[in-house]
Amino acid sequence: MIDNSTQDVKIRKTGAEKTKKEEIQENSTRSTKQDIILLLFCVGGIYSSFLSWSYLQEKISSTNYSKDDELAPSFYKAPLVINLIQSFFATILGSVFLCYKTKEFQLPWQFLTEDLQVFKSFTLISITQALSSPIAYNSLNHISYLLFLLAKSCKLIPVMIVHFVIYRTKFPLYKYLVALTVTLGVITFTFSHSSQKSSNKKTNEAEDHNTLLGLCYLCLSLLLDGLTNSTQDQMFSDPKLKKKITGAHLMSGINFLNFLLTLGYTLIFTDQISYTINFVQSHGYKVFIDILSFGFFGSVGQIFIFLTLESFNSIVLVTVTVTRKMISMCLSVILFGHTLLWSQWLGIFLVFAGIVSESAYKILEKNKKKTTKQQ
């Protein structure tokens with residue numbers, strides 16, 4: 001004869017086990033839904049902010065801001081002021097983001113002065129960024145925005161060069177193949193663009209079409225970007241740092257130092273602030289609104305990038321940013337009336353094929369490591 005109390009205990013245990021399983025499944029489903037909503041939010045934020053930012057970047061560099069009664073074209077040429085305003089917005093939004101992440105009121109100069117090593121690393125990154133941005137803007141006086149955007153998508157190459165030369169880092173074979181593919185794509189697009197300019201009489205008045213000088217500016221800017229990214233990589237892995245550096249620290253601290261360095265240089269060595277004031281007074285507030293919007297969208301986009309990186313992983317971020325750049329190029333062709341030869345499309349395809357293949361290889365490597373750990 002079976003004891004009823006024993007059966008009751010078994011039934012209760014089975015019910016409790018089912019309840020726990022159901023709770024785990026519900027929590028897992030809820031967590032997946034939350035992750036999907038967060039990912040869509042981040043992707044939407046990156047697309048909307050950086051597509052607007054990219055549109056405004058080309059608009060500021062190529063728009064004739066002269067009034068209807070003015071005969072001579074007027075193009076805005078003060079890249080340091082553009083960089084200054086973006087750094088200002090990014091410092092404010094980055095500080096708000098830092099307070100949110102740390103759950104306490106904290107300003108950039110507070111954590112920068114706590115650790116000398118952090119201050120040194122942030123200063124080096126700020127200097128390279130402060131130099132890179134205006135040099136890149138100067139290249140737009142000589143080359144098209146499409147070539148500019150395509151070349152700026154190739155940050156892998158300067159990062160590899162800086163890592164190899166300064167930090168003596170060795171790379172796997174596929175990295176060199178990706179770098180070669182991307183380089184061929186940029187060269188194909190550049191030569192096709194040059195031949196198109198020689199046969200096309202209708203050209204952008206904002207460019208002087210000195211492609212070689214524009215490419216020199218662009219290469220220097222990319223090398224500085226490579227130094228920036230390589231220094232960031234070394235900083236995150238530096239055991240000497242007393243405090244853990246997050247994306248919020250990086251955004252607020254670097255932009256704060258960038259703002260101070262750019263402001264000092266602009267006031268002492270240039271007349272770009274007075275030039276901007278005179279330009280706005282002469283040609284209206286349209287250019288100033290465009291610059292403010294450009295700085296705001298760029299700053300908001302940075303927050304979404306750091307949020308994506310912290311919530312997911314770099315592979316997701318690379319996928320989103322690569323597709324965003326592809327859409328930016330397509331929008332540039334549509335909105336600004338660019339015409340591309342088949343060889344230019346081939347160059348674009350080679351660049352993005354190289355970038356996408358690198359991302360795909362990273363995903364495969366990550367899956368292999370997971371499989372090996374499970375075994």
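Lys103 sits in the loop between helix 2 (79–102) and helix 3 (108–112). Its backbone stands out, since Lys103 has a positive phi of about 60° although it is not a glycine. Lys103 counts as exposed, with a relative accessibility of 66%. The model to which this loop belongs is a predicted one.

The chain as a whole is helical in its regular elements: it contains 13 helices and zero strands. Read from the N terminus, the order of elements is therefore α-α-α-α-α-α-α-α-α-α-α-α-α. Of its 375 residues, 44% count as buried. Among contacts with a separation of 6 or more, 84% are made by residues 24 or more positions apart. Several of the sites described below give examples of such pairs, and their positions in sequence are stated with them.

Confidence should be considered before details. The average pLDDT over the chain is 80, and 79% of the residues score at least 70. Helix 10 (residues 272–283) has the highest mean pLDDT among the elements, 94, while helix 1 has the lowest, 73. Where pLDDT is low, the predicted coordinates should not be read in detail. Helix 1 matters for this text, as two of the residues discussed below, Glu58 and Lys59, belong to it.

The UniProt record, an unreviewed entry, places the feature "transmembrane region" at residues 36–56, 76–98, 143–166, 173–191, 248–268, 288–309, 316–336 and 342–364. Two of these spans can be compared with the model. In residues 76–98, 87% of the span is helix and 0% is strand, and the end C-alpha atoms lie 34 Å apart. Residues 173–191 are 100% helix and 0% strand, with 27 Å between the end C-alpha atoms.

Charged residues come next. The structure holds one salt bridge. It is formed by the side chains of Lys59 and Asp290, with an N to O distance of 3.4 Å. Lys59 lies in helix 1 and Asp290 in helix 11 (residues 286–311), so this pair ties together parts that are 231 residues apart in sequence. Both partners are buried: Lys59 has a relative accessible area of 15%, and Asp290 has a relative accessibility of 6%. These values fall under the 20% limit for buried residues.

Glu58, also found in helix 1 (residues 4–62), presents another case. Glu58 is buried yet has no salt bridge, and the nearest side chain of opposite charge, that of Arg324, is 10 Å away. A salt bridge requires the nitrogen and the carboxyl oxygen to be within 4 Å. What Glu58 does have is a polar contact between its side chain and the side chain of Ser332, at 2.6 Å. Apart from neighbours within four places in sequence, Glu58 is in contact with Tyr145, Ser332, Phe336 and His338. Ser332 thus appears both as the polar partner and in the list of contacts.

Other buried positions lie on later helices. Ser121 is part of helix 4 (residues 116–139) and counts as buried at 11% relative accessibility. Leaving out residues up to four places away in sequence, Ser121 touches Thr231 and Met235. Gln232 belongs to this part of the picture as well: its C-alpha atom is separated by 8.0 Å from that of Ser121, although the two residues are 111 residues apart along the chain.

Gly247 is in helix 9 (residues 247–269), and its relative accessibility of 10% makes it buried. Not counting residues up to four places away in sequence, Gly247 touches Phe306 and Glu310. The C-alpha atoms of Gly247 and Glu310 are separated by 7.9 Å, and the two residues are 63 residues apart along the chain.

The last site is Ser343, in helix 13 (residues 342–374). Ser343 is buried, with a relative accessible area of 14%. Its contacts, leaving aside neighbours within four places in sequence, are with Thr188 and Ser192.

Note on methods
Residues are numbered from 1 along each chain as its sequence is written. Side-chain values use heavy atoms; hydrogens and water are left out. Helices (H or I, at least four residues) and strands (E, at least two) are DSSP runs, numbered from the N terminus. Buried means under 20% relative accessible area, exposed over 50%, partly exposed in between (1.4 Å probe, protein chains only). Lys and Arg count as positive and Asp and Glu as negative; His and the chain ends are not counted. A polar contact is a pair of N or O atoms within 3.5 Å; within protein, one must be able to donate a hydrogen and the other to accept it, and residues adjacent in sequence count only if both atoms are side-chain atoms. Contact means heavy atoms within 4.5 Å. pLDDT is the predictor's confidence in each residue, from 0 to 100. UniProt positions are given in the numbering used here, feature names are shortened, and annotations may be inferred rather than shown by experiment.
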